[in-house]
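Trainee: Got a minute to go through this one with me? I'd like to start with the overall picture and then look at side chains.

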Amino acid sequence: MKTRLLVTGIALLAVCPIVASQIVKPEPKAVAIDSIEPVHLHDHCARYRGKLIPAGCKHDPDRSLTARTVLGDTIRLHRLDFPAGVKSPHHSHAGEEMFYILSGRFRVVSGDKEFELVPGDVFTAPAYVDHQFEALVDSSLIEAGGPGPTLGRIAAIEQSGE
């Protein structure tokens with residue numbers, strides 16, 4: 001299994017403008033998502049293997065969510081763990097995304113609608129519709145979507161050896 005560090009825009013993780021994410025591209029076999037080393041994200045800042053990205057950013061571990069990412073050929077899957085009170089920025093994507101609530105409770109704003117999601121709920125964020133997640137208590141979800149423009153970024157990083 002290959003592991004890479006990827007710095008990309010909001011299209012990959014939908015959490016902040018610049019994030020670092022550990023990307024795992026499995027061979028045709030099962031991957032335990034909880035075995036993937038988490039990346040800690042907060043606003044424009046991430047902590048990965050003890051380093052801040054970008055260097056010198058102001059990372060607050062009490063306000064960061066963690067992300068574990070698996071990348072397929074045409075889809076990506078994230079497990080996101082949010083501490084209570086942490087929220088994503090309002091944002092949208094060129095592709096549809098689906099979210100499955102594992103634990104906790106989320107307040108979600110999508111377009112002009114607001115939802116409260118609990119474990120077992122599935123939420124679909126349509127393409128180009130502004131949305132935001134807020135954890136009302138410590139909460140976890142699975143996010144799935146297409147990689148969209150990140151495929152070119154991934155290829156560029158692989159070629160540059162970063």
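Mentor: One term to begin with: a residue is called buried when its relative accessible area is under 20%. Keep in mind too that this is a predicted model.

Trainee: OK, what share of the protein is buried?

Mentor: Of the 162 residues in the protein, 42% are buried.

Trainee: And how many helices and strands are there?

Mentor: The secondary structure comes to 2 helices and 13 strands. Among contacts with a separation of 6 or more, 61% are between residues 24 or more positions apart.

Trainee: Which strand is mostly covered?

Mentor: Strand β13, residues 139–145, is mostly covered, with 6 of its 7 residues buried.

Trainee: What does β13 pair with?

Mentor: β7 is one partner: 7 bridges join it to β13, and the two run antiparallel. Within that pairing, L80 has L141 in β13 as its bridge partner. β8 also runs antiparallel to β13, joined by 6 bridges. There, M98 is matched with A144 in β13.

Trainee: Switching to aromatics. How many aromatic pairs are there?

Mentor: The count comes to 6 aromatic pairs. One of them is F82 with F106, edge-to-face, at 5.1 Å centre to centre and 85° between the planes. F82 lies in strand β7 and F106 in strand β9, so the pair ties together parts that are 24 residues apart in sequence.

Trainee: Are those two buried or exposed?

Mentor: Both F82 and F106 are buried. Another pair is F99 with F133, which is tilted: 4.5 Å centre to centre, with 45° between the planes. That pair links strand β8, where F99 sits, to strand β12, where F133 sits, 34 residues apart. F99 and F133 are buried as well.

Trainee: Which residues form the aromatic cluster?

Mentor: F82, F99, F106, F115, F123 and F133 form one aromatic cluster.

Trainee: Now charges. How many salt bridges are there?

Mentor: The count is 8 salt bridges. In one of them, R68 meets D81, with the closest N and O atoms 3.2 Å apart. R68 is in strand β6 and D81 in strand β7, so this salt bridge ties together parts that are 13 residues apart in sequence.

Trainee: Where do R68 and D81 stand on burial?

Mentor: R68 has a relative accessible area of 15%, so it is buried. D81 counts as buried because its relative accessibility is 16%.

Trainee: Which other residue forms a salt bridge with D81?

Mentor: R79 does, at 3.0 Å from N to O. R79 is buried too, with a relative accessible area of 18%.

Trainee: Anything between β9 and β12?

Mentor: R107 and E134 form a salt bridge at 3.6 Å, N to O. R107 lies in strand β9 and E134 in strand β12, so the pair ties together parts that are 27 residues apart in sequence. R107 counts as partly exposed because its relative accessibility is 24%, whereas E134, at 15%, counts as buried.

Trainee: Which residues do shared partners join into a network?

Mentor: D34, R68, R79 and D81 are joined into one network by salt bridges that share partners.

Trainee: Last topic, the outside. What does the protein expose?

Mentor: About 8200 Å², of which carbon and sulfur atoms supply 55%. There is a nonpolar surface patch of about 340 Å², made by M98, Y100, L102 and V122.

Trainee: Which strand gives the most to the nonpolar patch?

Mentor: Strand β8, residues 97–103, gives the most, with 3 residues. Y100 is found in strand β8. Y100 is partly exposed, with a relative accessible area of 38%.

Conventions
Residues numbered from 1 in each chain as written. Predicted model: local features only at pLDDT ≥ 70, side-chain atom pairs only at ≥ 80, totals over all residues. Heavy atoms only, no water. Helix = DSSP H or I, 4+ residues; strand = E, 2+ residues; numbered from the N terminus. Buried < 20%, exposed > 50% of the residue type's maximum accessible area, 1.4 Å probe, protein only. Contact = heavy atoms within 4.5 Å. Areas by Shrake-Rupley, 256 points an atom, 1.4 Å probe, with all protein chains shown as cover. Patch = residues over 30% accessible without salt bridge, like charges linked within 9 Å, V, L, I, M, F, W, Y side chains within 5 Å. Salt bridge = Lys/Arg side-chain N within 4 Å of Asp/Glu carboxyl O. Phe/Tyr/Trp six-rings, centres within 6.5 Å; stacked < 30°, edge-to-face > 60°. Pairing = 2+ DSSP bridges.
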